[in-house]
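Colleague: I'd like to learn how to read strands, sheets and pockets in a model like this one. Could you walk me through it?

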Amino acid sequence: MKRTRSLFLAGLVALALTGPLPAAAQSDQPLVIARNMDLNSLDPHRAFCDTCQIYNSSVYETLVTLDANNKIVPLLAESWKASADQSEFTFTLDADAKFSDGSPVEAKDVKWSWERLKNLKGSAAFLMGNVAAIETPDARTVVVKMTAPNSEFINIASAPYTAIVNSDVAMANGAKADADAATTDTAEAWFLQNSAGSAPFVLEKYDPNAELRLKRNDGYWGTKPAVSGIVFRQVKDAVAQAQMLESGAADIAMQIDPDTAKTLQNPEVTVKTVPSYNFIYLALSPGAKANKVPLTKDVREAFEYALDRKGIIEFTIGNEGQVITTPIPIGFPGGSGYPEPEYNPEKAKELLAKAGHPDGISLEAVFPNLNAYGIDLSLLMQKVQQDLDKIGVKIELKPVQFSTWRERINSEGIPLTAVFYAPDYYGTAQYVEYFGMTEGSPWARRAGIKDPKDFNPKEAELYKKALASSGEEAAKIWHEIGLEMIKDRVIFPIVSPNLILAHRKDVKGVRYSACCNLPLAELSR
């Protein structure tokens with residue numbers, strides 16, 4: 001996602017060294033994917049990134065997964081059921097499922113894996129946050145009891161971060177699942193060179209900042225992959241990725257932006273644009289330490305009317321994206337059917353005057369200096385600066401390193417910022433938990449919301465109701481919460497950028513997945 005030009009020459013060197021392979025030689029060769037790998041770990045329960053989703057879902061398996069229509073389908077579990085109140089879930093494992101070493105996947109492995117995910121207390125541990133207990137009455141049955149109703153738990157079980165690991169192998173190499181796992185587990189280094197999953201691929205080799213190699217699991221218990229292996233080449237620059245794709249040095253390029261896509265001329269290259277579930281958003285922190293004036297509801301509403309979202313999209317990615325109104329992805333439960341935000345600078349001025357600022361205000365805007373999903377945040381903020389200037393709001397732009405941004409937003413808040421979000425699983429609860437103005441939510445803290453009257457109690461009420469419901473009933477409630485989050489005037493979604501799928505014409509099965517990003521097992525040549 002983060003793209004710079006810094007490795008452009010490195011990408012071209014890799015191209016020169018590798019070169020296109022003759023067609024006859026390619027048949028036994030692994031598929032090569034050019035990608036800026038944002039890997040933070042190869043330990044499936046510590047990993048938390050976009051590339052991690054691809055890796056986890058290719059080397060490890062979950063109990064259920066998503067098909068191309070975002071329908072939950074069996075994987076390690078052949079069946080499952082939920083209690084009427086959505087507080088208990090029972091999974092029956094497939095009797096044929098086995099790990100790459102040939103040992104069976106058993107209920108004890110599921111219990112151990114999910115308890116380890118929770119007790120490592122890493123970035124994805126929240127997925128198991130509402131699990132009260134996991135019982136294993138026999139080798140093929142897993143019973144999960146929740147602390148409260150949670151109709152999204154089946155969806156959560158499809159997230160690659162809930163990967164099921166061969167517990168015997170992992171424990172023999174320092175992995176722990178006990179309550180103190182965060183301090184006693186020593187397996188992360190082992191996972192950098194080894195894997196212990198049940199999926200179509202196994203880890204062959206990882207060379208940080210260079211390449212990640214996967215090879216086919218020839219003992220896979222399901223349908224074996226059509227390709228012998230996958231090689232991820234570390235290439236940050238979109239232009240370098242495009243060069244490799246056109247020459248045949250790469251079979252798939254994963255982070256081609258709209259401008260670069262237009263330069264692809266080779267008839268052997270296929271380019272397809274599809275909607276994504278990612279989005280870029282602005283956020284205001286009423287309680288930020290650097291605020292010069294109170295960011296009251298009227299002031300925050302003025303921002304809503306001042307933002308020319310369609311103009312911002314055109315300015316940054318040339319209309320290769322969708323306007324998004326509330327912080328729920330279009331295509332997720334409750335994510336559609338909202339009124340399009342109104343661009344009305346005159347109304348924005350009236351609201352500022354009503355708030356006591358007829359001559360405007362000044363504001364500091366600190367944001368990560370990076371490119372996310374093909375959008376340069378600095379370029380986006382320049383357009384935002386122009387829009388706000390029209391209503392008398394003067395913005396001082398301060399791009400910073402992501403680590404600096406994260407430290408500041410979590411300590412003292414930032415008056416105005418821009419950042420991005422991608423789903424951790426196919427489900428809407430994560431967006432309410434993250435963006436809702438409810439006590440304890442990340443963005444309520446970042447916004448500096450402390451006074452109980454400034455929280456949105458209706459969101460908390462509806463959230464519990466949604467988790468106790470399912471299907472269309474739950475989707476309607478998520479939609480109600482989306483309307484409430486618009487009224488908060490703290491999170492201002494701007495654009496859901498389109499995703500560009502670019503690959504050699506002879507590569508089949510390339511698609512974007514809401515759970516797994518790119519399902520490698522479906523690829524063929």
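Colleague: Let me start with E19: which residues cover its two faces, and are they buried or exposed?

Modeller: A word on the source: this is a predicted model, where local features need pLDDT of at least 70 and side-chain atom pairs count only at pLDDT 80 or more, while totals for chains, interfaces and linings use all residues. Residues are numbered from 1 along each chain as its sequence is written, and side-chain values use heavy atoms, with hydrogens and water left out. Now the general idea: in a regular strand the side chains alternate between the two faces of the sheet. In E19, Leu416, Ala418 and Phe420 are on one side and Thr417, Val419 and Tyr421 on the other, and all are buried. Buried means under 20% relative accessible area, exposed means over 50%, and partly exposed is in between (1.4 Å probe, protein chains only). Because six of the six residues of E19 are buried, the strand is largely enclosed by the rest of the structure. The names come from DSSP runs numbered from the N terminus: helices are H or I with at least four residues, strands are E with at least two.

Colleague: Which strand pairs with E19, and over how many bridges?

Modeller: Strands of a sheet pair through backbone hydrogen bonds, either parallel or antiparallel. Here two strands count as paired if DSSP finds at least two bridges between them. E19 is joined to strand E13 (residues 279-284) by six bridges in the antiparallel sense, with Ala283 opposite Thr417.

Colleague: What about E1: which of its residues are buried?

Modeller: Leu31, Ile33 and Arg35 are buried on one side, and Val32 and Ala34 on the other. Five of the five residues of E1 (residues 31-35) are buried, so this strand too is largely enclosed by the rest of the structure. E1 runs parallel to strand E10 (residues 229-234), with five bridges between them, and Leu31 stands opposite Ile230. E1 also pairs with strand E11 (residues 252-253) in the parallel sense over two bridges; there, Ala34 stands opposite Ala253.

Colleague: In what order do the strands of the open four-stranded sheet lie?

Modeller: The order is E4-E5-E7-E6, with antiparallel pairing. Strand E4 (77-82) and strand E6 (131-138) are at the edges with a single partner strand each, so one side of each has no neighbour in the sheet. Neighbouring strands of this sheet are turned by 20° against each other on average, direction ignored. Helix H4 (residues 107-119) packs on the sheet and touches E5, E6 and E7; its direction makes about 165° with that of E6. For such angles, axes are lines fitted to C-alpha atoms, for helices over the stretch in contact, and angles run from 0 to 180 degrees between N-to-C directions. Contact means heavy atoms within 4.5 Å. Inside the sheet, E5 (residues 88-93) and E7 (residues 141-146) run antiparallel with five bridges, and Glu88 has Lys145 as its bridge partner in E7.

Colleague: Now the pockets. How much space lies in the largest pocket?

Modeller: Rolling a probe the size of a water molecule over the atoms shows where empty space is left. On a 1 Å grid over the protein atoms alone, with a 1.4 Å probe, a pocket is an open set of points with protein on both sides within 12 Å along at least five of seven lines, and lining residues have an atom within 4 Å of a point. Grid points are joined across faces, edges and corners, and a volume is the space filled by probe spheres set on the points. The largest pocket holds about 1300 Å³. Its lining has 35 residues, with Phe48, Phe402, Arg406, Phe420 and Tyr434 nearest the centre. H15 gives the largest share of that lining, five residues.

Colleague: And what is the volume of the second largest pocket?

Modeller: About 410 Å³. Of the 25 residues lining this second pocket, Ser57, Thr65, Leu75, Ala521 and Glu522 are the closest to its centre. The largest share of this lining, three residues, comes from H3.

Colleague: Ser58 lies in H3 too; what is Ser58 in contact with, leaving aside neighbours within four places in sequence?

Modeller: Ala199, Pro200, Phe201, Leu214 and Leu520. Ser58 counts as buried, at 3% relative accessibility.
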